[in-house]
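Open the model in your viewer and keep the sequence panel beside it. At each stop, select what is named, then look around.

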Amino acid sequence: MLNLVLFGPPGSGKGTQAAYLVDKYQLKHISTGDLLREEKAKGSELGLEAKRYMDAGKLVPDEVVIGMIGGVLDNNVGQVKGFIFDGFPRTVAQAEALDTLLTQKGTSITQLLALQVSEEELVKRILNRGLTSGRADDTNEETIRQRVSEYNNKTSLVAGHYDEQCKLTNIAGEGSIEEITTALCAAIDSQVA
Ligand code: ADP
C-alpha cells in the first residue's frame with residue numbers, strides 16, 4: 001500500500017493538495033476534520049463533544065479521533081491501494097496509535113509530506129477561506145492563532161516521530177498550487193522508486 005500523511009499547519013493547503021494526490025495515486029482520502037464536521041452536522045454524541053473543542057481552536061481529545069480512524073481503516077484496508085491522511089495524526093499519541101493500527105493490518109506509513117508555510121500567510125489564507133467556507137473556526141483571528149499555536153505546541157512533534165523512521169520530507173508550501181503539487185509528486189515518486 002501507499003500510505004501518505006499530508007502534514008502541515010492549518011491553512012497550509014493539505015485539503016487542496018490531497019484532492020490532486022487522491023486522483024493521481026488512487027488513494028482513499030481520510031480527513032479527520034471532515035469526519036468531525038460530518039459528526040457535528042449529524043448532531044451525534046461524538047460530534048457534540050468535538051464541537052466544543054473545534055469552535056475554540058483546540059485539538060479534539062486523542063481517544064475520540066483514534067476511535068473514529070480505527071473504524072475507517074477497518075472498512076477500507078483490502079479495498080484500496082492506500083490512504084492519504086489529512087489533518088491526522090495531530091499528536092505523537094495519535095501517530096503511535098496509527099502506526100499500531102497499520103501494523104496490525106500488515107502495512108505502515110510510507111511517507112510524511114510536511115508543507116511549510118509562515119504564520120502570517122496561514123492567518124491570511126484562513127481568513128480568506130472563512131469568507132466562503134461557512135466554518136466558524138475560520139472567521140475569528142484569535143481562534144485561528146489558537147489553532148496555529150496547538151499546531152506548534154503539539155502537532156509539529158509528529159514530524160519528528162516520522163523523521164526518526166526516515167519518512168519525513170519537507171515541502172515549501174508557498175507558491176502556486178501547481179508548483180506545490182509538482183513538488184509533492186516528485187517527492188512521492190522518488191520515495192516509491
Ligand atoms: P485545519 O487544518 O484548517 O485546522 P481541519 O479540518 O483539519 O482544519 O481541523 C479542524 C478542527 O478539527 C481542528 O482545529 C481540531 O479542533 C479538529 N481536529 C481535526 N483533526 C483532528 C485530530 N487529528 N486531532 C484532534 N483534533 C482534530
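Start with one definition: a salt bridge is a side-chain nitrogen of Lys or Arg within 4 Å of a carboxyl oxygen of Asp or Glu. Buried means under 20% relative accessible area. Keep in mind that this is a predicted model.

**Stop 1: Asp 99**

Select Asp 99. It sits in helix H5, which covers residues 92-104. How far away is the nearest side chain of opposite charge? Lys 167 is that side chain, and it is 6.2 Å away. A salt bridge must fall within 4 Å. Asp 99 is buried, yet it has no salt bridge.

Now show His 161. Its side chain joins that of Asp 99 in a polar contact of 2.8 Å. Next, display the other neighbours. Leaving out residues up to four places away in sequence, Asp 99 touches Ile 109, His 161, Tyr 162 and Gln 165.

**Stop 2: the sheet**

Switch to a cartoon view and find the strands. Five of them make an open sheet. In what order do the strands lie? The order is E2-E3-E1-E4-E5, and the pairing is parallel. Select residues 28-31 for strand E2 and residues 168-172 for strand E5. These are the edge strands, each pairing on one side only. From one strand to the next, the twist averages 20°.

Zoom in on E2 and strand E3, residues 83-86. The two run parallel, joined by four bridges. Pick Lys 28 to see one partnership: its bridge partner in E3 is Phe 83.

Now add helix H9, residues 177-192. This helix packs on the sheet. It touches strand E1 (4-7), strand E4 (111-116) and E5. The direction of H9 makes about 155° with that of E4.

**Stop 3: salt bridges**

How many salt bridges are there? The count comes to 16. Visit a few of them.

Select Lys 40 and Asp 55. Their side chains meet in a salt bridge, 3.2 Å from N to O. Lys 40 lies in helix H2 (residues 32-42) and Asp 55 in helix H3 (residues 45-55), so this pair ties together parts that are 15 residues apart in sequence. Are these residues buried or exposed? Lys 40 counts as partly exposed, at 28% relative accessibility. Asp 55 is also partly exposed, at 28%.

Go on to Glu 119 and Arg 145. In this salt bridge the closest N and O atoms are 2.9 Å apart. Why does the pair tie together parts that are 26 residues apart in sequence? Because Glu 119 lies in helix H6 (residues 119-133) and Arg 145 in helix H7 (residues 141-155). Glu 119 has a relative accessible area of 31%, so it is partly exposed. Arg 145 is partly exposed at 28%.

Stay in H6 and select Lys 124 and Glu 121. They form a salt bridge, with the closest N and O atoms 3.5 Å apart. Both lie in helix H6, three residues apart, about one turn of the helix. Turn on the surface to compare the two. Lys 124 counts as exposed, at 56% relative accessibility. Glu 121 has a relative accessible area of 19%, so it is buried.

**Last stop: a network**

Finish by selecting Arg 129, Arg 135, Asp 137, Asp 138 and Arg 147 together. Salt bridges link these residues in a network. Show their side chains and trace the links.

Methods:
Residues numbered from 1 in each chain as written. Predicted model: local features only at pLDDT ≥ 70, side-chain atom pairs only at ≥ 80, totals over all residues. Heavy atoms only, no water. Buried < 20%, exposed > 50% of the residue type's maximum accessible area, 1.4 Å probe, protein only. Lys, Arg positive; Asp, Glu negative; His and termini not counted. Polar contact = N/O pair within 3.5 Å; in protein donor to acceptor, adjacent residues only side chain to side chain. Contact = heavy atoms within 4.5 Å. Pairing = 2+ DSSP bridges. Axes fitted to C-alpha atoms, helices over the stretch in contact; angles between N-to-C directions.
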